[in-house]
Amino acid sequence: MNTGPFLLLHPDDNVLVCRQHAFRGQSITLDGDIVVLTDEITVGHKIARRNLKTGDKIIKYGAPIGSMKTDAARAAHVHMHNMQSDYIKSHTREVTGHGH
Amino acid sequence: MVIKIGDMNTSFQAWLRPDGRKGIRNVICVAYLVECAHHVARKIVNTCDDGEVHLIGFPGCYPNEYAYQMMESLCTHPNVGGVVLVSLGCESFNREALKRHIEASGRPVETYVIQNEGGTLETIRKGVEAVRRIQAIARQTPRGDMDVSELIIGTICGGSDGTSGITANPAVGRAFDALGAAGAACIFEETGELVGCETIMASRAITPELGAELEAAVIKAEAYYTIMGYGSFAPGNAEGGLTTQEEKSMGAYSKSGSAPICGVIKPGDIPPSGGLYLLDVVPDGEPRFGFPNISDNAEIVEMIACGAHLTLFTTGRGSVVGSAISPVIKVCANPETYRKLAGDMDIDAGRIMEGRATLDEVGAEITGLVLRVAAGEQSLSEQMGHQEFILTYKAFDPVGPACLPLRGKPAF
């Protein structure tokens, strides 16, 4: 059983999933190292297990779930600002409502 | 690991329909056959003020074979005891054929055509009387034993977030493994939310030909959604930590558990055996009528048309919907959502996230609740009167022979 605010779902994964709201500046343990969070992370969101480079495949559940579009440092938030689908692009609420 | 349901009571009382099928509810459907008859049908249902009288219907005026076949399947679903059809009069829907089909299933049915009945108020008055007559007949339906092996169970995820694929979805997968092993037919769906999982999923097919069909269904979905311009991915998914379609897919896929996949069905097809089936919800041919399913309830309705007696609905962000005809059990993935919406959530799978329960424990809890709801216990959405229903235009080709290796074979 994992402890702390982040879960490693599969040994091959290069991201961890937040299971308990974590704060910027909070120290967490990553593979035995103490690392300081640079972002606030809410439940269900992901952080980098190690330094990630543009083009790196992101592995979660032991399977690829997309690729990095910018670099990200260890423990950084990994989400739509720095990674993308290898299939169909994702969208936000901002795609409509600009006509007013 | 497979949860054993040996200690649970797997037999319960059901309604024995004249066509040989068995229902866990005795619902009267009031069905509008075009949007123009919707208000009258809704007023009939509201006036009856009875949790067993449900509103369903099709809004379109143009003919559509899919919608017609869906209405046949829904009006003769084993949970349905009788039907009142409400037509405006000039729409395309073949009300005579639908009425004949319902009659042939042995169910009571009456049709009211607003243009022939004297308008809105007169049709509402006659419709309410018709519901009471039909309900009186439906209440005479004999009761008898039904076993878990005769159940058809659907699963869907809605309002998924980064917790769904870790807690609620794999917990439902555990329940599906147990229920499928006990002989129930278990249906998972939304091929657009399996994009990225097609190769892994194909390896679970009981024949290589079926594996190819599973992959083809997902490739079709990817092409369809790409033309639509959006994947099956809502802004709330991203707010809850999901970044990509394939990440959402990996989580959604875990609802299917670990059993072999016995076949691919399309809306309205009844699984020919127990075990695990994929429902292909993406239309065939060139996209014609827009998004495959405009929201979750359209998929729930399609699983019900495949005979689903009840639906397991996993949610991270917190969907509150139920459904007409078949009860919906809500499995909440996110512990924070559960604390906000506890009154809507039948199962708190977020405990897994916080280390307060295991997947096996929550899976067993879901399995137990399925059996209790089948035996008559109301789910929370059912208690609160949720009876959402959507049916829109679509087009499908029939499934090919490779899709159903067990059709016509002894039980798997």
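Start with chain B and its long-range contacts: among contacts in chain B with a separation of 6 or more, 76% join residues 24 or more positions apart. Keep in mind as you go that this is a predicted model.

**The whole of chain B**

Select chain B and show it as a cartoon. You can trace 14 helices and 14 strands. Along the principal axes, the C-alpha atoms fill a box of roughly 60 × 50 × 45 Å. The radius of gyration of chain B is 20 Å, which agrees with the value near 22 Å that a compact globule of 412 residues would have. Colour by burial next, and 59% of the 412 residues in chain B come up as buried.

**Into the core**

Now select the largest nonpolar core, a set of 145 residues. The residues with the most contacts inside this core are B:Val30, B:Ala31, B:Val86 and B:Val331. Centre the view on B:Val30 and show its neighbours. Leaving aside residues up to four places away in sequence, B:Val30 touches B:Ala41, B:Ile44, B:Val45, B:Val53 and B:Leu55, and also B:Val84, B:Val86, B:Gly127 and B:Val131. B:Val86, in that list of neighbours, is itself one of the residues with the most contacts in the core.

**A helix with two faces**

Select helix H3 of chain B, residues 95–104, and show its side chains. Here B:Arg95, B:Leu98 and B:Ile102 are buried. Look down the axis of H3(B): the buried residues fall within an arc of 65°, so they line one face of the helix. An α-helix has 3.6 residues a turn, so residues three or four places apart point the same way.

What do the buried residues of H3(B) pack against? Add helix H2 (65–75), strand E5 (80–87) and strand E6 (109–113) of chain B to your selection, and you have the packing partners. Then turn to the face of H3(B) away from its buried side, where the exposed residues are B:Glu96, B:Ala97, B:Arg100 and B:Ala104. Just after H3(B), stop at B:Gly106, which takes a positive phi of about 90°.

**Where the chains meet**

Finally, bring chain A back into view and select the contact between the chains: 26 residues come from chain A and 29 residues from chain B. On the chain A side, the elements that give two or more residues are strand E7 (63–68) and strand E9 (83–84). E7(A) gives the most to this side, with three residues. Colour the chain A side by class, and you will find 12 nonpolar, nine polar and five charged residues.

Note on methods:
Residues numbered from 1 in each chain as written. Chains lettered and ligands numbered in written order. Predicted model: local features only at pLDDT ≥ 70, side-chain atom pairs only at ≥ 80, totals over all residues. Buried ≥ 20, exposed ≤ 12 C-beta atoms within 10 Å, placed from the backbone. Helix = DSSP H or I, 4+ residues; strand = E, 2+ residues; numbered from the N terminus. Arc of directions from axis to C-beta. Contact = placed C-beta atoms within 7 Å. Rg over C-alpha atoms; globule rule 2.2 N^0.38 Å. Core = buried A, V, L, I, M, F, W, Y, C linked by C-beta atoms within 7 Å. Nonpolar A, V, L, I, M, F, W, Y, C, P; charged D, E, K, R; others polar.
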